[in-house]
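Please open the structure in a viewer and set the display to a cartoon representation. The tour proceeds by selection, with a short account of what each selection shows.

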Amino acid sequence: MSKLILTHEVSGLGAAGDIVEVKNGYARNFLLPRGFALTWSKGGEKQVEAIKAARAAHAHANVEAAQAQATALQSNAVVLKVKAGASGRLFGTVKAADVAKAVADAGLGTIDKRKVELPAHIKLVGKHTATLRLHEDVSATITLNVVAN
């Protein structure tokens, strides 16, 4: 088992600044190469404090603001214009960054692309859902209306 300090939020594992123990292969092949974690050391406690301070600066000020944004997001459908063929199949797939940009373009606030979770690859036009993690305690499920450009 490897002891790591997370630098980014990893679904199902923890938030930035958390100290976790994971299997060696998961650390060596996924977390460390992608920059999601650093190896733990005694001097790493200063890094943990810096990471938590940065996370606090990027997070919503409080749960109430996150809940207000969640209700606004859930009540409005987000339109996402993409290139598609005549049969409705997309030329590529919808990414988390595309969803974050569409939310910002709709005037519903700015969302970090790392906070967007897509349940499956979106490769067809139509209505789809995505989950946005706005705060540790608040998440919103939005409706994406994918239309051909």
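The stops below follow the strands and a helix of this predicted model.

**First stop: the open sheet.** Begin with residues 2-6, which form strand β1, and add residues 19-22 for β2 and 37-39 for β3. Together they make an open sheet of 3 strands in the order β2-β1-β3, and the pairing is antiparallel. β2 and β3 are the edge strands, each of them pairing on one side only. Viewed from one strand to the next, the twist averages 45°.

**Second stop: the helix on the sheet.** Select residues 24-34, helix α1. Which strands does helix α1 touch? Helix α1 packs on the sheet in contact with β1, β2 and β3, and its direction makes about 30° with that of β1.

**Third stop: the pairing of β1 with β2.** Return to these two strands, which are joined in the antiparallel sense over 4 bridges. Show S2 and V22 to see one position of this pairing: S2 stands opposite V22 in β2.

**Fourth stop: the hairpin.** Move on to residues 126-133, strand β6, and residues 139-148, strand β7. β6 and β7 form a hairpin, with 5 residues between them. Their antiparallel pairing extends over 8 bridges. Select K127 next, and N145 in β7 will be found opposite.

**Fifth stop: strand β5.** Finally, select residues 116-117, strand β5. Strands β5 and β6 run antiparallel and are joined by 2 bridges. Which residue in β6 is the bridge partner of V116? The partner is L132.

Key. Residues numbered from 1 in each chain as written. Predicted model: local features only at pLDDT ≥ 70, side-chain atom pairs only at ≥ 80, totals over all residues. Heavy atoms only, no water. Pairing = 2+ DSSP bridges. Axes fitted to C-alpha atoms, helices over the stretch in contact; angles between N-to-C directions. Contact = heavy atoms within 4.5 Å.
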